[in-house]
Amino acid sequence: MRKILHADCDCFYAAVEMRDDPSLQDVPLVIGGRAEHRGVVATCNYPARAYGIRSAMSMAHAKRLCPHLQRLIPDFDKYRQASRQVQDIFRELTPLIEPLSLDEAFLDVTHVGRMQGSATWMAQWLKQEVQSRVGITISVGVAPNKFLAKIASDWDKPDGLYIITPDRISEFLDHLPITRLHGVGPATAKKLEGQGIHTCSDLRNVGLPTLLEAFGKFGVRLHELARGIDERPVKVERERKSISVETTFDRDLPSMAACREKITELVTRLEERMARYQHPAINKLFVKIRFDDFSITTMETAGQIPELKSFLPLFDTAWQRAERPVRLLGVGVRLISEDAQRQLGLF
């Protein structure tokens with residue numbers, strides 16, 4: 001039986017700013033771009049959330065919800081420094097760490113002998129050390145696997161600590177909404193709820209053959225998650241699946257010609273980024289477009305060199321699907337997995 005921690009910094013960017021300026025503690029605060037430049041909320045503190053403000057919301061909408069909202073421009077150098085401090089504390093506990101972003105990570109403490117091997121005490125130690133050394137709070141979930149640990153860390157935020165012991169898994173899951181299951185998005189949730197399945201308890205009453213027929217391979221995953229089964233190990237090194245660059249424009253690009261000019265700049269940036277990753281093996285090229293009505297389309301192809309003349313036809317085809325002004329453009333490459341590269345090497 002594994003012992004997994006999921007540690008998640010509370011409103012991370014905002015927390016770092018409030019640490020450095022205590023006068024921001026009790027005022028609605030967001031970190032993100034300017035409303036007039038189509039900025040979005042990168043994160044917000046809990047006073048701002050009380051107004052219904054959430055990450056990824058447009059800054060203009062956030063301002064409408066809370067006219068006296070305080071906004072700060074992101075300082076990513078400062079956030080990366082705080083993240084490194086937090087990660088250093090994690091490494092004092094275990095080398096088995098899977099970072100998910102700057103502000104969250106899984107830790108496998110199954111074989112850690114410190115603190116009498118108690119994962120609960122380890123979680124308490126992490127919270128205390130991050131608070132005293134970094135000056136921010138983290139919420140920690142403790143569970144026998146990654147799926148449950150991630151749910152647990154979000155259960156009692158902010159500054160939370162929630163433990164799901166092996167003997168409590170069934171009880172915990174009984175009333176858990178299916179929308180909390182990893183991979184269940186709005187479409188899958190609607191399909192499940194249409195069949196009267198609202199909780200994990202409901203889902204456990206559905207046979208595996210029925211789930212396979214309705215959801216294909218994902219039916220197996222649903223069957224397992226409803227029972228608290230998750231065999232995924234903590235991966236110390238995460239495999240990169242793609243490299244991309246994108247830009248959201250202050251003003252919509254009105255035509256195909258205007259977009260094609262921007263594609264040139266994006267491809268140059270992509271080439272620079274790929275060079276930093278030592279030109280990894282490429283599977284496909286892709287172009288992403290978000291139109292002025294917020295609809296998104298992508299176009300991809302295999303077997304092409306990642307250069308301008310390969311991306312332009314992809315863009316042309318994608319743009320013709322709507323032929324509307326463009327809000328966002330992106331170009332990128334999908335990479336060949338390490339397993340696939342090893343298999344190719346056999347031949």
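The exercises below deal with side-chain contacts in a predicted model.

**Exercise 1. Salt bridge between helices**

Task: Find which residue forms a salt bridge with K78, and state which helices hold the two partners.

Solution:
- Step 1. Look for the carboxyl oxygen that meets the cut-off of within 4 Å of a Lys or Arg side-chain nitrogen. For K78 the partner is D20, with the closest N and O atoms 3.2 Å apart.
- Step 2. Place both residues. K78 belongs to helix α4 (residues 76-93), while D20 belongs to helix α1 (residues 12-20), so the bridge ties together parts that are 58 residues apart in sequence.
- Step 3. Check the accessibility of D20. Its value is 41%, and D20 is partly exposed.

**Exercise 2. Salt bridge within a helix**

Task: Describe the salt bridge of R91 and D88, and say where the two residues lie.

Solution:
- Step 1. The closest N and O atoms of R91 and D88 are 2.6 Å apart.
- Step 2. Both residues are in helix α4, and three residues, about one turn of the helix, separate them.
- Step 3. D88 has a relative accessible area of 39% and is partly exposed.

**Exercise 3. Buried or partly exposed?**

Task: Classify each partner in the salt bridge of R232 and D230 by its accessibility.

Solution:
- Step 1. The N to O distance in this salt bridge is 2.8 Å.
- Step 2. Buried means under 20% relative accessible area. D230, at 3%, is therefore buried.
- Step 3. R232 has 32% and is partly exposed.
- Step 4. Now turn to bridges that share partners: E17, R19, D20 and K78 are joined into one network. The structure holds 24 salt bridges.

**Exercise 4. Rings and charges**

Task: Name the members of an aromatic cluster, and find which rings have R114 and K191 over them.

Solution:
- Step 1. The whole structure has eight aromatic pairs. F12, Y13, F76 and Y79 make up one cluster.
- Step 2. R114 has its charged end over the ring of W125, at 4.9 Å from the ring centre.
- Step 3. K191 lies over the face of F215, and the distance to the ring centre is 4.8 Å.

**Exercise 5. Cysteines**

Task: Explain why C9 is not bonded to C11.

Solution:
- Step 1. A disulfide is a covalent bond between two cysteine sulfur atoms. The cut-off for the pair is within 2.5 Å.
- Step 2. The cysteine sulfur closest to that of C9 is in C11, 9.6 Å away, which is too far for a bond.
- Step 3. C11 is in no disulfide either, as its nearest cysteine sulfur, that of C44, is 7.7 Å away.
- Step 4. The count of disulfides is zero. C9 is buried at 3%, and C11 is buried at 7%.

Technical notes. Residues numbered from 1 in each chain as written. Predicted model: local features only at pLDDT ≥ 70, side-chain atom pairs only at ≥ 80, totals over all residues. Heavy atoms only, no water. Helix = DSSP H or I, 4+ residues; strand = E, 2+ residues; numbered from the N terminus. Buried < 20%, exposed > 50% of the residue type's maximum accessible area, 1.4 Å probe, protein only. Phe/Tyr/Trp six-rings, centres within 6.5 Å; stacked < 30°, edge-to-face > 60°. Lys NZ or Arg CZ within 6 Å of the ring centre and 35° of its normal.
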